[in-house]
Amino acid sequence: MKLASLLVVPAALLISGLVLAQDLKIPGVAIASPVRKDKVVLTTAEWQKKLTKEQFEILRAKGTEPAFCGVNLDQKGEGTYYCVGCGLDLFFANSKFNSGTGWPSFYKPIDRDRIWTHTDRSYGMVRTEVNCARCDGHLGHVFNDGPAPTGLRFCMNGKVLKFVPKKAEKGHSGN
Ligand SMILES: [Zn+2]
C-alpha cells in the first residue's frame with residue numbers, strides 16, 4: 001500500500017505533465033512583466049525582510065508549497081485574495097473552486113491586468129507560470145482543465161495569498 005501511494009503522485013505528475021505539456025496564452029494577459037505606475041520593486045534583502053522564509057521561497061524563488069499544506073485551501077465565504085508581496089487584489093472568492101489538487105484554485109483573476117504569464121520549462125514539463133503584475137512575484141501556474149466559464153485552472157500557492165473576508169474589507173489596503 002505504501003509503495004502504491006508513493007507511486008501515485010509521480011504518475012499523476014507525469015500524466016498531467018504530458019497532457020498539459022503546452023504553454024497557455026490567455027487573451028489580454030501580458031506575457032512579460034507589465035509596466036505599471038504602482039510597480040513594487042525591492043532588493044532581495046528587502047524582500048527577505050518583508051516576507052516570511054516560505055513566502056520568499058515561493059514568490060521570489062519560484063518555489064511550490066506542498067499540496068494540501070492547507071493555507072487558504074479550504075477557505076470559504078465571500079472575500080478577496082491579495083498578493084502577500086505587494087497587496088494587489090488578485091482573485092475574488094467567488095471564482096475559487098475545489099480542484100482536488102491540494103492547491104487553492106480559481107477559474108479567473110479579478111482582472112487580466114492583475115497577472116502576467118511566462119513559459120515555465122522546469123522539471124521536464126512545459127507549464128504556464130502565473131506572476132503578480134505589481135511585484136512580479138511567482139504565484140503558481142495556470143492550466144486549461146478548469147471549469148466554465150473560462151475553462152482555466154489557476155493553481156495557486158495558498159501561502160502567498162492573503163484572504164480578507166468581505167465584511168472586513170472596508171478600508172482594507174491589501175497590505
Ligand atoms: Zn504582488
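Asn 131 faces His 138 of β7 across the sheet. The setting is a predicted model. The two strands concerned are β6, residues 127-132, and β7, residues 138-143. They run antiparallel and are joined by 4 bridges.

This pair belongs to an open sheet of 6 strands. The strand order is β3-β4-β8-β7-β6-β5, and the pairing is antiparallel. β3 (96-97) and β5 (115-120) occupy the edges. Each has a single partner strand, so one side of each lacks a neighbour in the sheet. Within the order, β7 stands between β8 and β6. β6 in turn stands between β7 and β5. Strands of a sheet pair through backbone hydrogen bonds, in either the parallel or the antiparallel sense.

A further open sheet contains 3 strands in the order β2-β1-β9. Its pairing is likewise antiparallel. The edge positions fall to β2 and β9 (161-165). Each of these has a single partner strand, so one of its sides is left without a neighbour in the sheet. From one strand to the next, the twist averages 30°.

Within this sheet, β1 covers residues 79-83 and β2 covers residues 89-92. The two strands pair over 3 bridges, in the antiparallel sense. Tyr 81 has Phe 91 of β2 as its bridge partner. Tyr 82 stands opposite Asp 89, also in β2. β1 and β2 together form a hairpin, with 5 residues between the strands. Gly 87 lies in the turn of this hairpin. The phi of Gly 87 is positive, at about 85°.

At the level of the whole chain, the secondary structure consists of 3 helices and 9 strands. The order of elements is α-α-α-β-β-β-β-β-β-β-β-β from the N terminus on. The helices thus precede the strands along the chain. The chain has 175 residues, and 33% of them are buried. Among contacts with a separation of 6 or more, 61% link residues 24 or more positions apart.

Methods
Residues are numbered from 1 along each chain as its sequence is written. This is a predicted model: local features need pLDDT of at least 70, side-chain atom pairs count only at pLDDT 80 or more; totals for chains, interfaces and linings use all residues. Two strands pair if DSSP finds at least two bridges between them. Axes are lines fitted to C-alpha atoms, for helices over the stretch in contact, and angles run from 0 to 180 degrees between N-to-C directions. A residue is buried if 20 or more other C-beta atoms lie within 10 Å of its own, exposed if 12 or fewer, and partly exposed in between; C-beta atoms are placed from the backbone. Two residues are in contact if their C-beta atoms, placed from the backbone, lie within 7 Å.
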